[in-house]
Amino acid sequence: MRDAFVRILVEEMAENRSIVLITGDLGFGVLRPIWDRFPDRIINAGIAEQGMVSMAAGLAATGKTVIVYSIGNFPTLRPLEQIRNDCAYPGANVKIVCVGGGFVYGSLGMSHHATEDMAVMRAIPGITCFAPGDPAETEAVTRVMLHTEGTCYLRLGRGNEPAVHGGKVENWRFPEPIVLREGKDVALLSAGGILTQTAEAADLLKSKGIDAAVISFPCFKPIDRQAVIRLTERFRHVVTVEEHTVTGGFGSAVCEVAAETGNGCRIHRIGLQDCFTAVVGNQQYLREIYGMDGKTIAQRTEAWLNEA
Amino acid sequence: MGEYEALVHSAYGEGKPDVTDPETLAWLIRRNGLEMSHISRGSHIGSVFSVAEIIAVLYTGVLNVDPADPRRPDRDRMILSKGHAGSAVYAALAETGFFPVEQLKTHYANGSILSGHVSHKGIPGVEVSTGSLGHGLGIGTGMALGARMNGEQWRTWVVLGDGECDEGSVWEAALQAAQFGLDRLCAVVDYNHMQSLFTVEKTLKLEPFEQKWKDFGWNARSVDGHDVHALRAAFDEMKDNAGSGRPSVVLAHTVKGKGVSFMENNILWHYRTPQGEEYEAALKELEAQRP
């Protein structure tokens with residue numbers, strides 16, 4: 001995803017001279033194309049995220065579209081108040097980009113697991129929040145984000161994720177979700193790089209005779225309320241999947257809309273169950289341990305369907 | 001003229017105060033600061049009084065700003081990073097014509113745009129909202145960097161508090177501004193030696209403060225922060241530092257609560273609001289100092 005992001009960013013920077021990127025001393029190799037092509041529009045702020053985000057707000061006040069690039073929790077939780085006061089409050093044209101949403105840096109330990117970022121960023125007024133599901137969605141989302149005014153948050157996975165979409169995502173309409181497959185028994189709603197697991201779960205359910213729809217939400221704020229309402233009207237069971245705590249993130253956003261409809265649909269949230277990760281392991285290992293790999297999603301969905 | 005304006009300008013009789021004179025403007029900042037704190041029962045009058053000359057000198061010919069066109073693209077940007085002294089900036093802006101002096105009476109009030117900590121929303125002449133300390137220098141760094149990238153000549157001014165310099169983010173920005181060689185970034189520290197509970201020296205001591213800034217790669221000098229001529233000379237020198245490849249800072253030594261004897265160097269007046277006899281006594285002292 002990060003390479004898809006950089007690819008589109010380079011294209012947009014060639015078109016729009018006002019785009020500037022600030023990195024918090026990260027992106028070795030990844031940002032090489034930008035250093036090579038636009039050396040006067042990429043800034044290393046050092047390992048100083050608070051200063052980096054305030055600086056981004058100041059740059060935006062001079063007419064720049066500013067990308068703030070870092071990994072894990074460093075571009076969000078560390079400079080959170082700078083995002084709130086300096087960027088979101090005045091509506092600064094700052095795009096916060098996180099590489100490594102969820103367990104991407106699994107083996108590096110809890111400090112590097114970004115598992116509350118979606119909830120925290122979603123809580124701040126005025127921030128448009130994106131979590132694309134694969135490289136093709138990343139391309140579409142990056143382009144839309146760079147043309148969206150104001151403060152945005154882009155949560156990416158890592159490099160070299162498998163494609164979930166067969167080809168490009170054409171004509172994505174912000175903030176709509178993207179239907180990957182239709183289904184009639186249950187809807188699996190997914191935000192972010194966990195989409196590979198959600199899609200795999202649908203395959204496994206198919207083999208059990210359960211027809212699951214898979215819907216990716218590359219934009220989780222504003223959440224497409226009408227789309228959520230339609231899904232909760234159509235399905236008696238909706239499962240949300242996020243590589244993130246279930247508190248306050250994507251699943252919560254879906255529940256908020258659904259609860260207001262009062263139509264009795266049951267929503268099941270897959271994600272970290274309000275806990276820290278205390279296990280070492282790679283991304284897929286941690287997904288399995290914490291119950292958000294394709295197989296576990298399928299098993300739990302089947303169990304929920306059998307319950308009621 | 002409204003009732004509030006008539007009151008704070010009453011000492012001038014039929015005449016108008018000369019707001020191009022820094023000592024007059026500093027006096028008006030204190031006079032308005034006293035009145036605003038009295039009406040609103042708002043706090044931080046001690047900080048407003050310590051920063052009065054700094055703000056007054058900036059708004060009498062140092063800053064390139066125009067009340068008739070507050071968003072003019074080539075204006076200097078001024079950030080009050082110690083946002084709790086917001087009423088000093090509000091008073092300076094109102095007195096120099098950015099918005100009506102009468103509006104100052106709404107400070108802190110329900111439905112007012114003049115919040116206790118300085119806010120940019122709807123207030124001509126305010127660039128950014130502050131209030132949480134340690135944000136302004138970073139924002140100023142970004143503005144100065146943006147100006148340079150755009151090939152523009154305007155300057156960025158940031159007024160900080162000394163207690164504010166406890167914040168690590170101030171020093172992040174200090175490193176960054178020096179690294180990028182932002183020589184049109186001018187910072188002023190209101191060094192009143194007091195913070196919320198104790199003196200700076202008893203809290204987190206900053207000395208050798210001037211040397212710290214120099215070690216971080218800044219041009220730095222210290223002045224008497226209540227001497228308008230010394231401040232003006234120091235600010236003009238900062239302007240001349242454009243081309244030095246270094247940002248500049250002036251450490252303005254001030255007295256918290258300056259101008260009212262019982263408020264001076266008294267932490268109580270970080271919070272207390274002048275009412276009754278205290279208001280009368282403060283007013284009397286200020287009246288006696290009017291230039």
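Which strand of chain A pairs with β4(A) over six bridges, and in which sense? In this predicted model, the partner is strand β3 of chain A, residues 65-71, and the two strands pair in the parallel sense.

## Strand β4 of chain A and its neighbours

Within the pairing of β3(A) with β4(A), A:Val68 has A:Ile96 as its bridge partner. Between these two strands the chain passes through helix α4 of chain A, residues 80-88, and the resulting β-α-β crossover is right-handed. Strand β4(A) is also joined to strand β6 of chain A, residues 152-156, by five bridges, and these two strands likewise run parallel. Here A:Val99 is matched with A:Leu156 of β6(A) as its bridge partner.

The surroundings of β4(A) can be read from its burial: six of the six residues in this strand, which spans residues 94-99, are buried, so the strand is largely enclosed by the rest of the structure. In a regular strand the side chains alternate between the two faces of the sheet. In β4(A) both faces are covered, with A:Val94, A:Ile96 and A:Cys98 buried on one side, and A:Lys95, A:Val97 and A:Val99 buried on the other. The buried set therefore includes A:Lys95 alongside residues such as A:Val97 and A:Val99 on that face.

## The seven-stranded sheet

Strand β4(A) belongs to an open sheet of chain A in which seven strands follow the order β2-β1-β3-β4-β6-β5-β10, with mixed pairing. The edges are formed by β2(A), residues 42-44, and β10(A), residues 219-221, each of which pairs on one side only. On average, and with direction ignored, neighbouring strands of the sheet are turned by 20 degrees against each other.

At the β2(A) edge, three bridges join this strand to strand β1 of chain A, residues 19-23, and the two run parallel. One of the residue matches in this pairing is that of A:Leu21 with A:Ile42, the latter being the bridge partner in β2(A).

## The contact between chains A and B

The contact between the chains takes 24 residues from chain A and 21 residues from chain B. The size of an interface is often given as the accessible area lost when the parts come together. For chain B and chain A this buried area is about 1,800 Å², of which 59% is on carbon and sulfur atoms. The rule finds zero salt bridges across this interface, although a search of the whole structure finds 29 over all chains.

## Salt bridges within the chains

In chain A, A:Glu256 forms a salt bridge with A:Arg122, with the closest N and O atoms 2.8 Å apart. A:Glu256 lies in helix α9(A), residues 250-261, and A:Arg122 in helix α5(A), residues 117-123, so the pair ties together parts that are 134 residues apart in sequence. The two partners are covered to unequal degrees, since A:Glu256 is partly exposed at a relative accessible area of 41%, whereas A:Arg122 counts as buried at 14%.

In chain B, B:Arg31 and B:Glu35 form a salt bridge whose closest N and O atoms are 2.7 Å apart. Because these residues are four apart in helix α2 of chain B, residues 22-40, they are separated by about one helical turn. An α-helix has 3.6 residues a turn, so residues three or four places apart point the same way. Both B:Arg31 and B:Glu35 are buried. A further salt bridge joins B:Glu127 to B:Arg75, with the closest N and O atoms 2.7 Å apart. This pair links distant parts of the chain, 52 residues apart, with B:Glu127 in the loop between α4(B) and α5(B) and B:Arg75 in the loop between α3(B) and β1(B). B:Glu127 is buried with a relative accessible area of 14%, and B:Arg75 is buried with one of 5%. Back in chain A, salt bridges that share partners join A:Arg7, A:Glu139 and A:Lys168 into one network.

## Helix α4 of chain B

Helix α4(B) is mostly covered, with ten of its ten residues buried. Among them are B:Gly86, B:Val89, B:Tyr90, B:Leu93 and B:Glu95. The buried residues of this helix pack against α1, α2, α3 and β1 of chain B. Just after α4(B), B:Gly97 takes a positive phi of about 100 degrees.

Methods: Residues are numbered from 1 along each chain as its sequence is written. Chains are lettered from A and ligands numbered from 1 in the order in which they are written. This is a predicted model: local features need pLDDT of at least 70, side-chain atom pairs count only at pLDDT 80 or more; totals for chains, interfaces and linings use all residues. Side-chain values use heavy atoms; hydrogens and water are left out. Buried means under 20% relative accessible area, exposed over 50%, partly exposed in between (1.4 Å probe, protein chains only). Two strands pair if DSSP finds at least two bridges between them. A crossover is right-handed if, with the strands pointing away from the viewer, the path from the first strand over the helix to the second runs clockwise. Axes are lines fitted to C-alpha atoms, for helices over the stretch in contact, and angles run from 0 to 180 degrees between N-to-C directions. Contact means heavy atoms within 4.5 Å. Buried area is the accessible area (1.4 Å probe) that two parts lose on being put together, summed over both. A salt bridge is a side-chain nitrogen of Lys or Arg within 4 Å of a carboxyl oxygen of Asp or Glu.
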